[in-house]
Amino acid sequence: MDDVATGVETPACGEVEIGGTVAPGFDGVRAAFEANFVVNGEVGAGFSLVFDGRTVVDLWGGVADVATGEPYGEDTLQLVFSSTKGATAICANLLAQRGELEVTAPVASYWPEFAQAGKGDIPVGWLLCHKAGLPFIDAPLDLDDVLGWDPAVAALAAMTPVWEPGTAHGYHAVTYGWLVGEVLRRITGRSVGAFFAEEVAGPLNLEFWIGLPDAQQARVAPLTNRGLRAGSPAPAADAQRHDDGLGDLVETIEQLLGPDSHLVKALGGSTALPLVGDGVFNKHEVRAAELPAANGVTNARSLARMYAGTIGSVEGSEAGALLTPEQVAAASTTQTSGADQVLMFETTFGLGFMTSSPFSPYGGRRSFGHAGAGGSVGFADPEHGIGFGYVMNRMMTNRSGDPRSRALVAAVYDAIGATLVYV
């Protein structure tokens, strides 16, 4: 596994072009990536793996834009929905490590307005592990309000929790970003996007933005729910819509649970958070805003490097590990138990990260990371020295363990000779 193969774009999977590099011993990972286009209807995707500080797999392939047929290439960027939460969690843990943020301290000690409606004793840690009881905003905000930060933050500060904080947890799909982000802003005087750029993305040489600059917008592969298979023609009329796929997900949940369910509201399917359907997440202004729970834009290479950089040194960067072993242990210690009040089955969270579980099957028992709606996922496994990053443009509606990422996880652990904890 000493030398990385230098092969570039070579035909694979019929009409699908696969480009990138794979180190000796990781051919099975490439095979799993290729198979996703045939077996799982992949459209365009990237996958990267950092192992013991070295990038041993860096692959991309398929179609970036189903409307134009533009290929998914080395320079393609992707919106990754809740995989953004991992980046925000790293920022919070950096501040905790430096002693600038105390996770047991009341949120109101940093953000006084948050004490309204009986929330004065809620600790910061409950924001990070989804115990605050604020999974959606119960106020009539419009899209401009949501993208403008201050209206959303003010609404959350004034809101009465949906359940008694600390007694249960429930996925704060979008509100996590404003809640954690406002605490970070009050401490640092910087937005999450600015802090992340300066303290994480810069030192690790990442192409990862929370608030995408105009100069990078043309590189983003539009999200789609078209589900094309290799060699399939692009549906001309439907392709022009550039659906982001979340509309279908929310519509399905509404049919099962009703429009007033916590899950529909948390995903943005209410007048309070009009962020789903009609290709909203493909709009430049939505990608340019800072939604630290939902609109990060990156590629697989940077997602893998980010997680590898939390646990050790990464080639091409002079920075050492961002987090100490002690902070990694604290961040990845599970803080939740029982059924998720929003997702309705058990999910496990540490300090801002998902921890390895049947819901988030990252492979190693000490793994931590975050998945995003539609299928993207990044995680670190400190026991095995892994940084894992998968991004894609085809939205799937699996709420646990996307088959594409599961296949890649299995291939990675097979390649390094380690036993999977969850399959």
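Which residues do ring pairs link into a cluster with F47? They are Y362, F379 and F388. The model is predicted. The protein has 423 residues, and 60% of them are buried. Its secondary structure comes to 14 helices and 11 strands.

**Overall make-up**

- The accessible surface of the protein is about 15100 Å². Carbon and sulfur atoms account for 50% of that surface.
- Take the contacts between residues at least 6 apart in sequence: 65% of these join residues at least 24 apart.

**Nonpolar core**

- The largest nonpolar core holds 124 residues.
- F26, F47, W178, F196, V200, M306 and F388 have the most contacts inside this core.
- Helix α2, residues 84–97, supplies the largest share of the core, with eight residues.
- Two names recur: F47 and F388 are among the residues with the most contacts in the core, and both belong to the ring cluster.

**Aromatic rings**

- The count of aromatic pairs comes to 13.
- One of them joins F379 and F388. Their ring centres lie 4.6 Å apart, with 20 degrees between the planes.
- This pair is stacked, because planes under 30 degrees apart count as such.
- Both partners are buried: F379 has a relative accessible area of 0%, and F388 also stands at 0%.
- F379 and F388 sit in the cluster with F47 and Y362.
- A charge-over-ring arrangement involves K119 and F114. K119 lies over the face of F114, at 5.0 Å from the ring centre.

**Cysteines**

- How many disulfides does the structure hold? The number is zero.
- A disulfide is a covalent bond between the sulfur atoms of two cysteines.
- C91 is buried, at 0% relative accessible area.
- C129 is buried as well, with a relative accessibility of 2%.

**Positive phi outside glycine**

- D52 is not a glycine, yet its phi is positive, at about 50 degrees.
- D52 belongs to the loop between strands β3 (44–51) and β4 (54–65).
- Is D52 buried or exposed? D52 is exposed, because its relative accessible area is 57% and the cut-off for exposed is over 50%.
- H130 is another residue other than glycine with a positive phi, near 70 degrees.
- The loop between helices α3 (124–128) and α4 (143–147) holds H130.
- H130 is buried, because its relative accessibility is 0% and buried means under 20%.
- The two residues thus sit in opposite settings: D52 is exposed, whereas H130 is buried.

**A buried loop serine**

- S357 lies in the loop between β8 (354–355) and β9 (368–371).
- S357 counts as buried, with 5% relative accessibility.
- Which residues does S357 touch, not counting those up to four places away in sequence? The partners are T348 and Y422.

**Points to locate in the model**

- For the core, look at helix α2 (residues 84–97), the source of its largest share.
- For ring stacking, look at F379 and F388, 4.6 Å centre to centre.
- For backbone geometry, look at D52, with phi of about 50 degrees, and at H130, with phi near 70 degrees.

How values were computed: Residues numbered from 1 in each chain as written. Predicted model: local features only at pLDDT ≥ 70, side-chain atom pairs only at ≥ 80, totals over all residues. Heavy atoms only, no water. Core = buried A, V, L, I, M, F, W, Y, C linked by side-chain atoms within 4.5 Å. Buried < 20%, exposed > 50% of the residue type's maximum accessible area, 1.4 Å probe, protein only. Helix = DSSP H or I, 4+ residues; strand = E, 2+ residues; numbered from the N terminus. Disulfide = S-S within 2.5 Å. Phe/Tyr/Trp six-rings, centres within 6.5 Å; stacked < 30°, edge-to-face > 60°. Lys NZ or Arg CZ within 6 Å of the ring centre and 35° of its normal. Contact = heavy atoms within 4.5 Å. Areas by Shrake-Rupley, 256 points an atom, 1.4 Å probe, with all protein chains shown as cover.
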